Amino acid sequence: MPSYISSSENRFYTATEISYGQVPAITSENRFPAVKLTARQTVDRLQRRDKTGSRTFAGLPVGIRKQTQFSLKTYLTSWANASGEPGYGPLFRAALGGGPRLFAGGTLGAGSETRSLTFVSSHGLAPGDALVSGNEIRFVSSIMDAQTVLLNAPFTTAPATGAVVGATATYSPATDLPSVSVFDYWSPGTAVQRILAGAAIEEMRVTINGDFHEFEFSGLAADVIDSGSFNQGQGGLGTFPGEPAMGSFDYSVVPGHLGQAWLGAIEEQVYTITSAELVVNNGIDLRNREFGCETPRGVAGGMRNVSMNFSLYEKDDDVTRALYQAARSRSPISIMFQLGQQQGQLFGLYLRSVIPEVPEFDDSDNRLQWKFTGCRAQGSVDDEIYVAFG
């Protein structure tokens, strides 16, 4: 007897598309954990003005342009395969445009300090790349020479000579935005399976200090392809692809309160953060109004808007006062958050230059909070934000 489909009996995969809307092949390495995928496809609501002899709506023809919107939410989880990007890495690439820059790690020589690292050989790093030492992640702010880098914020302790720096995957902005396909497979295999083709990220959100650290991606897609109504040629496919043979899929979810915050013109660690949210908006525009096409043909990004919202308890100390003065004078500060506190479960985000807005005073609780809202990041060319896993 047929039964209902359990909402937890599904598995998600994602991969970067070589051509827009053309579904790529996937393997078990493309699997990632997700909380929820919402996809909604509608057709243009056209108005027929022909006289039909009555007031009855006569319907619309087949082939009307469609619009597909989606939203995908997931958690920060452990990164088991440090030799390649995380399973949901293609989503970050689609949101920012660049990366991943994979750093395999290295061995440190003599002379390393909390804010500068010296390697025994050429490091091959670039400004914005991430590094992991112990259970902390930092970003390269400048290159001193082929073996020495300067960090955006100091490590808690200076690494010892011979210490090994861990592997990282760093994502940075780029002018062009790639698209991804998102695969949504269900059990049993006879249930309707879906592929979100040509998914372009309009907005990415990183939520900090909730129950868990959350990533949310939303935007527009070219089409929703499903196994129940599949036609040859959709997404460049000859047949609807089956789910890859499942390999090992073991991960840990990172609690939302674990991590570090570094803020200021000269970065200082801030311990009073109560909540924070990173928002990246790409202002995307789909090529979906051209003559002769039923589905979009491509995607282009508009002016990128990277902003930070954060709240903290007000304290009568130099660090907190400096943040307020920077907001009043509209002086740039840098912001770095480390999510997680164990190597293999680290995520870092780094905004090099942010103009803080004057905070709202929230006195609704026992302790006064300052709420900084809409603090926008700036830069020169594709350098206002870096995110990394380590």
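**Helix α1, sheet pairing and buried sites**

Helix α1, residues 89-96, is largely enclosed by the rest of the structure, because eight of its eight residues are buried. The structure is a predicted model. The buried set in α1 runs through Gly-89, Pro-90, Leu-91, Phe-92, Arg-93, Ala-94, Ala-95 and Leu-96. An arginine, Arg-93, is thus listed alongside residues such as Leu-91 and Phe-92. Gly-97 comes just after the helix. Its phi is positive, at about 110°.

The chain as a whole holds two helices and 27 strands. Its radius of gyration is 24 Å. The globule rule gives 21 Å for 390 residues, and the two values are close, so the chain is as compact as a globular protein of that length. Along the principal axes, the C-alpha atoms fill a box of roughly 80 × 45 × 45 Å. Of the 390 residues, 48% are buried. The accessible surface amounts to about 18900 Å². Carbon and sulfur atoms account for 48% of that surface. Contacts often span long stretches of sequence: among those between residues at least 6 apart, 72% join residues at least 24 apart.

One open sheet is built from four strands. Their order is β7-β10-β9-β8, with antiparallel pairing. Strands β7 (116-118) and β8 (130-133) form the edges, each pairing on one side only. On average, neighbouring strands of this sheet are turned by 45° against each other, direction ignored.

Within this sheet, β8 pairs with β9 (residues 136-143) in the antiparallel sense, over four bridges. Ala-130 has Phe-139 of β9 as its bridge partner. Val-132 is matched in β9 by Ile-137. The two strands form a hairpin with two residues between them. Gly-134 lies in the turn and has a positive phi of about 65°. On the next step through the sheet, β9 is joined to β10 (residues 148-151) by three bridges, and the two run antiparallel. Here Ser-142 has Leu-150 of β10 as its bridge partner. A hairpin also makes this connection, through four residues.

Strand β23 (residues 333-339) is mostly covered, with seven of seven residues buried. Its side chains divide into two sets. Ile-333, Ile-335, Phe-337 and Leu-339 point one way. Ser-334, Met-336 and Gln-338 point the other way. Both sets are buried. Strand β23 has antiparallel pairings with β17 and with β24. Strand β17 (residues 259-264) pairs with β23 over six bridges. In that pairing, Gln-260 is bridged to Gln-338 of β23. Six bridges also join β23 to β24 (residues 347-355). Met-336 has Tyr-350 of β24 as its bridge partner. Gln-338 and Met-336, named in these bridges, belong to the set with Ser-334.

Arg-11 lies in strand β1 (residues 10-16). Its relative accessibility is 9%, so it counts as buried, the cut-off being under 20%. Two polar contacts involve its side chain. One reaches the side chain of Glu-243, at 2.7 Å. The other reaches the side chain of Ser-187, at 3.1 Å. Beyond residues up to four places away in sequence, Arg-11 touches Arg-31, Phe-183, Asp-184, Tyr-185, Trp-186, Ser-187, Glu-243 and Met-246. Both polar partners, Ser-187 and Glu-243, are included in that list. Another arginine, Arg-31, is also among the residues touched.

Gly-106 is found in strand β6, which covers residues 106-107. This glycine is buried as well, with a relative accessible area of 18%. With residues up to four places away left out, its contacts are Phe-119, Ala-163, Val-164 and Val-165. Gly-166 is 60 residues away from Gly-106 along the chain, yet their C-alpha atoms are separated by 7.1 Å.

Key: Residues numbered from 1 in each chain as written. Predicted model: local features only at pLDDT ≥ 70, side-chain atom pairs only at ≥ 80, totals over all residues. Heavy atoms only, no water. Pairing = 2+ DSSP bridges. Axes fitted to C-alpha atoms, helices over the stretch in contact; angles between N-to-C directions. Buried < 20%, exposed > 50% of the residue type's maximum accessible area, 1.4 Å probe, protein only. Polar contact = N/O pair within 3.5 Å; in protein donor to acceptor, adjacent residues only side chain to side chain. Contact = heavy atoms within 4.5 Å. Rg over C-alpha atoms; globule rule 2.2 N^0.38 Å. Areas by Shrake-Rupley, 256 points an atom, 1.4 Å probe, with all protein chains shown as cover.
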